[in-house]
Amino acid sequence: MKTVTNEISKACSVIPGKMALPNQYFAGRVGSRFIISLRDSKKILGVKCPKCKTVYVPPMECCQKDMTKIDENWVELGDTGVLVNYTVVNYRDAHLPRKTPYILGMIQMDGAEATLVHLVEGVDPQNVKIGMRVKVVFAGKTTNTILDIDHFEPIEE
Ligand SMILES: [Zn+2]
């Protein structure tokens with residue numbers, strides 16, 4: 001037995017591999033309502049702090065400015081916003097949502113603070129600009145996730 005163990009430790013090497021790791025987690029009370037609204041009525045919901053009136057999309061349970069608990073104070077937003085930052089993803093991996101290169105943007109919905117991180121399509125990576133006006137494009141088929149927003153695309157103005 002000892003000999004076998006020694007043989008194994010001498011033969012140790014690193015073998016690269018991949019594991020598919022399906023998982024799920026609870027989106028949270030407000031996160032769930034947000035996703036259900038996307039799924040069932042294609043509406044973007046935010047929450048409004050009763051104290052400072054800041055609107056958050058994605059919704060949060062507590063105001064980031066004054067820590068007030070935001071409880072069921074929902075507001076409906078439009079489907080437009082502004083690209084406040086972005087990155088161009090060039091790293092290829094099987095779990096990524098699109099073929100590279102693609103744009104991953106931080107979008108601030110009109111009338112809200114905080115940002116949604118989502119795909120931006122309909123513009124070449126070399127032409128994307130911070131400050132671009134964008135709008136939601138809903139997915140044709142629901143996945144009951146944030147990907148019920150398929151992507152954002154520039155608004156022609
Ligand atoms: Zn507040």
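**Strand E5 and its surroundings**

Colleague: How many bridges join strand E4 to E5?
Modeller: This model is predicted. Strand E4 covers residues 80-89, and it runs antiparallel to E5. One pair within this arrangement is Gly-81 and its bridge partner in E5, Met-109. The number of bridges joining E4 to E5 is 8.

Colleague: Over how many bridges does E5 pair with strand E6?
Modeller: Strand E6 comprises residues 116-120, and its pairing with E5 is antiparallel. Leu-104, for example, stands opposite Leu-119 in E6. The count of bridges between E5 and E6 is 5.

Colleague: Which residue in the hairpin of E5 and E6 takes a positive phi?
Modeller: The hairpin has 6 residues between its strands. A positive phi near 85° is found there, and the residue that takes it is Gly-111.

Colleague: Which residues form the covered face of E5?
Modeller: In a regular strand the side chains alternate between the two faces of the sheet. In E5, the uncovered face holds Tyr-102, Leu-104, Met-106 and Gln-108. The covered face consists of Ile-103, Gly-105, Ile-107 and Met-109.

Colleague: Which residues have the most contacts inside the largest nonpolar core?
Modeller: In soluble globular proteins, nonpolar side chains tend to be buried together. The largest nonpolar core here has 24 residues. Those with the most contacts inside this core are Val-57 and Val-134.

Colleague: Which element gives the most to this core?
Modeller: The elements that give two or more residues to the core include strands E1 (44-48), E2 (55-56), E5 (102-109), E7 (133-138) and E8 (149-154). Helix H2 (29-41) also belongs to that list. With 4 residues, the element that gives the most is H2.

Colleague: Which residues does Val-57 touch, leaving aside those up to four places away in sequence?
Modeller: One of them, Met-109, also lies on the covered face of E5. In full, Val-57 touches Ile-44, Gly-46, Leu-77, Met-109, Ala-112, Ala-114 and Leu-116.

Colleague: How many helices and strands does the protein have?
Modeller: From the N terminus on, the elements run α-α-β-β-β-β-β-β-β-β. The secondary structure thus comes to 2 helices and 8 strands.

Colleague: What is the radius of gyration of the protein?
Modeller: The C-alpha trace spans about 70 × 40 × 30 Å along its principal axes, and buried residues make up 20% of the 157 residues. A compact globule of 157 residues would have a radius of gyration near 15 Å. For the protein, the value is 21 Å.

Key
Residues numbered from 1 in each chain as written. Predicted model: local features only at pLDDT ≥ 70, side-chain atom pairs only at ≥ 80, totals over all residues. Core = buried A, V, L, I, M, F, W, Y, C linked by C-beta atoms within 7 Å. Buried ≥ 20, exposed ≤ 12 C-beta atoms within 10 Å, placed from the backbone. Contact = placed C-beta atoms within 7 Å. Pairing = 2+ DSSP bridges. Rg over C-alpha atoms; globule rule 2.2 N^0.38 Å.
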